[in-house]
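Look at the sequence and the model below. Then work through the exercises with pencil and paper.

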Amino acid sequence: MKKSAQCLTLFLTFLKIGAFTFGGGYAMISLIQRETAETHHWMTDRDVVDMIAIAQSVPGAIAVNSATFVGYRVAGFWGALCATLGVVLPSFVIISIISVFIMQYRQIEWLAWIFDGIRAGVIVLVLDAVLKLKKTNDKSLFNLLVMLLAFFGASFIKVDVVLFVILAAIVGIVRQLILIRKTEYKGGSGND
């Protein structure tokens with residue numbers, strides 16, 4: 001496929017993701033996974049999990065970081081630019097329009113009902129992403145404990161999610177270093 005066709009496909013794909021997903025980056029994960037892994041086969045489900053981890057770990061919106069990542073992977077710099085523009089354009093247009101009218105119409109009851117419905121729908125999108133992406137995660141006790149601690153800490157103790165990302169990365173590194181050391185020790189002791 002020509003690079004210009006790839007860029008157009010990236011732009012239209014991420015335009016659709018940006019236009020039809022309300023609730024921010026986490027709500028977009030399900031649609032990003034479907035479009036990148038299932039529809040266009042740009043990535044595997046495992047790649048999507050890794051991409052989300054990277055997109056969440058660096059500054060910026062997860063949807064923008066993911067679009068940039070996928071775009072660059074598929075078509076280089078121009079692909080990254082087109083995918084990023086595609087995902088941010090709908091929000092930019094919608095927010096620009098809403099900001100003009102919101103102060104005049106914020107008391108309209110049916111408008112509040114619409115936003116209540118959208119908020120409820122966002123929960124379903126986030127849960128859908130969790131269920132799809134959990135399949136690629138190792139089912140170890142370690143991963144389960146990290147996931148549960150992060151969930152309870154963020155939900156009930158109100159600890160900043162960024163802290164959990166950093167702590168989970170550190171714990172993952174320490175765990176792997178311990179496992180490597182144990183393997184070397186077992187392997188080394190048999191050769192002496």
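The exercises below go from the whole chain down to single residues. Note that this is a predicted model.

**Exercise 1. The fold in outline**

Task: State how many helices and strands the protein chain has, and write down their pattern.

Solution:
- Step 1. Count the elements. The protein chain has seven helices and zero strands.
- Step 2. Read along the sequence. The pattern is α-α-α-α-α-α-α.
- Step 3. Turn to the overall form. The radius of gyration is 21 Å, while the globule rule gives 16 Å for 192 residues, so the protein chain is more spread out than a compact globule.
- Step 4. Add the spans. Along its principal axes, the C-alpha trace extends about 80 × 50 × 25 Å.

**Exercise 2. Surface, burial and contacts**

Task: Describe how much of the protein chain is buried, what supplies its exposed area, and how far apart in sequence its contacts reach.

Solution:
- Step 1. Take burial. Of the 192 residues, 26% count as buried.
- Step 2. Take the surface. About 12,900 Å² is exposed, and 71% of that comes from carbon and sulfur atoms.
- Step 3. Take the contacts. Consider those between residues at least 6 apart in sequence: 60% of them join residues at least 24 apart.
- Step 4. Take the charges. There are 17 positive and 12 negative side chains. The centres of the two sets lie 1 Å apart.

**Exercise 3. The salt bridges**

Task: Find the salt bridges, and say which helices each one ties together.

Solution:
- Step 1. Count them. The structure holds two salt bridges.
- Step 2. Start with K16 and E35. Their side chains meet at 2.8 Å, N to O.
- Step 3. Place the partners. K16 lies in helix α1 (residues 3–20) and E35 in helix α2 (residues 25–39), so this pair ties together parts that are 19 residues apart in sequence.
- Step 4. Check exposure. K16 has a relative accessible area of 35% and is partly exposed. E35 stands at 5%, so E35 is buried, given that buried means under 20%.
- Step 5. Go to D47 and R73. Their side chains form a salt bridge at 3.2 Å, N to O.
- Step 6. Place these partners too. D47 is in helix α3 (residues 45–57) and R73 is in helix α4 (residues 62–105), so the pair links parts that are 26 residues apart in sequence.
- Step 7. Check exposure again. D47 is partly exposed at 22% relative accessibility. R73 is partly exposed as well, at 44%.

**Exercise 4. From α2 to α3**

Task: Is A37 buried or exposed, and which residues is A37 in contact with beyond its neighbours within four places in sequence?

Solution:
- Step 1. Locate A37. This residue is found in helix α2.
- Step 2. Apply the cut-off. Its relative accessible area is 10%, so A37 is buried.
- Step 3. List the contacts. Leaving aside neighbours within four places, A37 touches I32, M43, T44, D45 and V48.
- Step 4. Look across to D47. A37 and D47 are ten residues apart along the chain, and their C-alpha atoms are separated by 8.5 Å.
- Step 5. Stop at H41. This residue sits in the loop between α2 and α3.
- Step 6. Read its backbone angle. Phi of H41 is near 55°, a positive value in a residue other than glycine.
- Step 7. Check its exposure. H41 has a relative accessible area of 62%, so H41 is exposed.

**Exercise 5. Sequence distance and space**

Task: Give the separation in sequence and in space for S96 and L10, then for I114 and A27.

Solution:
- Step 1. Place S96. This residue lies in helix α4 and is partly exposed, at 31% relative accessible area.
- Step 2. Pair S96 with L10. They are 86 residues apart in sequence and 24 Å apart in space, C-alpha to C-alpha.
- Step 3. Place I114. This residue is in helix α5 (residues 109–134) and is partly exposed at 38% relative accessibility.
- Step 4. Pair I114 with A27. The sequence separation is 87 residues, and the C-alpha atoms are 17 Å apart.

How values were computed:
Residues numbered from 1 in each chain as written. Predicted model: local features only at pLDDT ≥ 70, side-chain atom pairs only at ≥ 80, totals over all residues. Heavy atoms only, no water. Helix = DSSP H or I, 4+ residues; strand = E, 2+ residues; numbered from the N terminus. Rg over C-alpha atoms; globule rule 2.2 N^0.38 Å. Buried < 20%, exposed > 50% of the residue type's maximum accessible area, 1.4 Å probe, protein only. Contact = heavy atoms within 4.5 Å. Areas by Shrake-Rupley, 256 points an atom, 1.4 Å probe, with all protein chains shown as cover. Lys, Arg positive; Asp, Glu negative; His and termini not counted. Charge placed at Lys NZ, Arg CZ, Asp CG, Glu CD. Salt bridge = Lys/Arg side-chain N within 4 Å of Asp/Glu carboxyl O.
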